[in-house]
Amino acid sequence: MKDVIMRLYDEVLNQGRLDVADEIIAATLSTGPNDPPGPERVKQISTHIRSALPDMHFDIQDMIAEDNRVATRWTLRGTHAGPFFGVPPTNQPLEIRACVIFELKDNQITNLWPILDTSTLRPT
């Protein structure tokens, strides 16, 4: 299970290989009532982050797996070069920390629960 989550962070998010999302994200994954289901939403989020932080990199500090769930604690770093979830660009380094719990079935992510530490949303 950890290998699937590492592919999400390494291949989809860090490398921008959006096609990998089709393999590891279940078609039923929902991130919100008005969001497209499945890998398309993950692709949209990845594209948005990359447009705001073109040099973005997710660094995984912890990954714990039990049963069909994987919990991660990570730091996202990049230069704030474009609008980021409504915040105008500052052209300064940016750091965001979060924890995400993923649920998997048949080597695909079926659910996720992110908890962002907004207190770390600051220039570094």
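## The largest pocket

Strand β4 supplies the largest share of the lining of the largest pocket, namely 7 residues. The structure described here is a predicted model, and its largest pocket has a volume of about 660 Å³. Of the 27 residues that line this pocket, those closest to its centre are Ile45, Ile49, Trp74, Pro114 and Leu116.

Which helices and strands each supply at least two residues of this lining? They are the helices α1 (2–14) and α3 (39–52), together with the strands β2 (69–79), β3 (93–105) and β4 (108–123). When the residues of the lining are divided by character, 21 are nonpolar, 3 are polar and 3 are charged.

## Aromatic rings

A pair of aromatic rings is described by the distance of the centres and the angle of the planes. The structure holds 4 aromatic pairs. In one of them, the ring centres of Phe58 and Trp74 are 4.8 Å apart and the planes stand at 75 degrees, so this pair is edge-to-face, a term that applies to angles over 60 degrees. Because Phe58 belongs to strand β1 (residues 57–66) and Trp74 to strand β2, the pair ties together parts that are 16 residues apart in sequence.

Both Phe58 and Trp74 are buried, and Trp74 is also among the residues closest to the centre of the largest pocket. Ring pairs link these two residues with Tyr9 and Phe102 into a cluster. Tyr9, for its part, is one of the buried residues of helix α1.

## Salt bridges

Side chains of opposite charge can pair when their charged atoms come close. A search of the whole structure finds 11 salt bridges, and three of them are described here one after another. In the pair formed by Asp35 and Arg41, the closest N and O atoms are 3.4 Å apart. Asp35 is partly exposed, with a relative accessible area of 25%, and Arg41 is likewise partly exposed, with a value of 21%. The side chains of Lys43 and Glu40 also meet in a salt bridge, with 3.3 Å from N to O. Both residues lie in helix α3, 3 residues apart, which is about one turn of the helix. An α-helix has 3.6 residues a turn, so residues three or four places apart point the same way.

Is Lys43 buried or exposed? Lys43 has a relative accessibility of 15% and therefore counts as buried, since the limit for that word is under 20%, whereas Glu40, at 41%, counts as partly exposed. In the salt bridge between Arg77 and Glu95, the closest N and O atoms are 3.2 Å apart. This pair links distant parts of the chain, with Arg77 in strand β2 and Glu95 in strand β3, 18 residues apart. Arg77 counts as partly exposed at 37% relative accessibility, but Glu95 is buried, with a relative accessible area of 7%. Elsewhere, salt bridges that share partners join Arg7, Glu11, Arg17 and Glu23 into one network.

## Helix α1 and Glu11

Which residues are buried in helix α1? They are Val4, Ile5, Leu8, Tyr9, Glu11, Val12, Leu13 and Asn14. The helix is followed by Gly16, whose phi is positive, near 75 degrees.

Glu11, which is found in helix α1, is buried with a relative accessible area of 15%, and it is also a member of the salt-bridge network that includes Arg7, Arg17 and Glu23. If residues up to four places away in sequence are not counted, Glu11 touches Met6, Gly16, Arg17 and Val20; Gly16 is the residue with the positive phi that follows the helix. The C-alpha atoms of Glu11 and Thr110, which are 99 residues apart along the chain, are separated by 18 Å.

## Ser46 in helix α3

Helix α3 contains Ser46, and this residue counts as buried at 2% relative accessibility. What is Ser46 in contact with, once its neighbours within four places in sequence are left aside? Ser46 is in contact with Val12, Leu13, Leu18 and Met56. Among these partners, Val12 and Leu13 are buried residues of helix α1, while helix α3 itself, like helix α1, supplies at least two residues of the lining of the largest pocket.

Terms used:
Residues are numbered from 1 along each chain as its sequence is written. This is a predicted model: local features need pLDDT of at least 70, side-chain atom pairs count only at pLDDT 80 or more; totals for chains, interfaces and linings use all residues. Side-chain values use heavy atoms; hydrogens and water are left out. On a 1 Å grid over the protein atoms alone, a cavity is a set of points where a 1.4 Å probe fits but cannot get out, and a pocket is an open set with protein on both sides within 12 Å along at least five of seven lines; lining residues have an atom within 4 Å of a point. Grid points are joined across faces, edges and corners, and a volume is the space filled by probe spheres set on the points. Helices (H or I, at least four residues) and strands (E, at least two) are DSSP runs, numbered from the N terminus. Ala, Val, Leu, Ile, Met, Phe, Trp, Tyr, Cys and Pro count as nonpolar, Asp, Glu, Lys and Arg as charged, and the others, Gly among them, as polar. A salt bridge is a side-chain nitrogen of Lys or Arg within 4 Å of a carboxyl oxygen of Asp or Glu. Buried means under 20% relative accessible area, exposed over 50%, partly exposed in between (1.4 Å probe, protein chains only). Rings of Phe, Tyr and Trp (its six-membered ring) pair if their centres lie within 6.5 Å; planes under 30 degrees apart count as stacked, over 60 as edge-to-face and the rest as tilted. Contact means heavy atoms within 4.5 Å.
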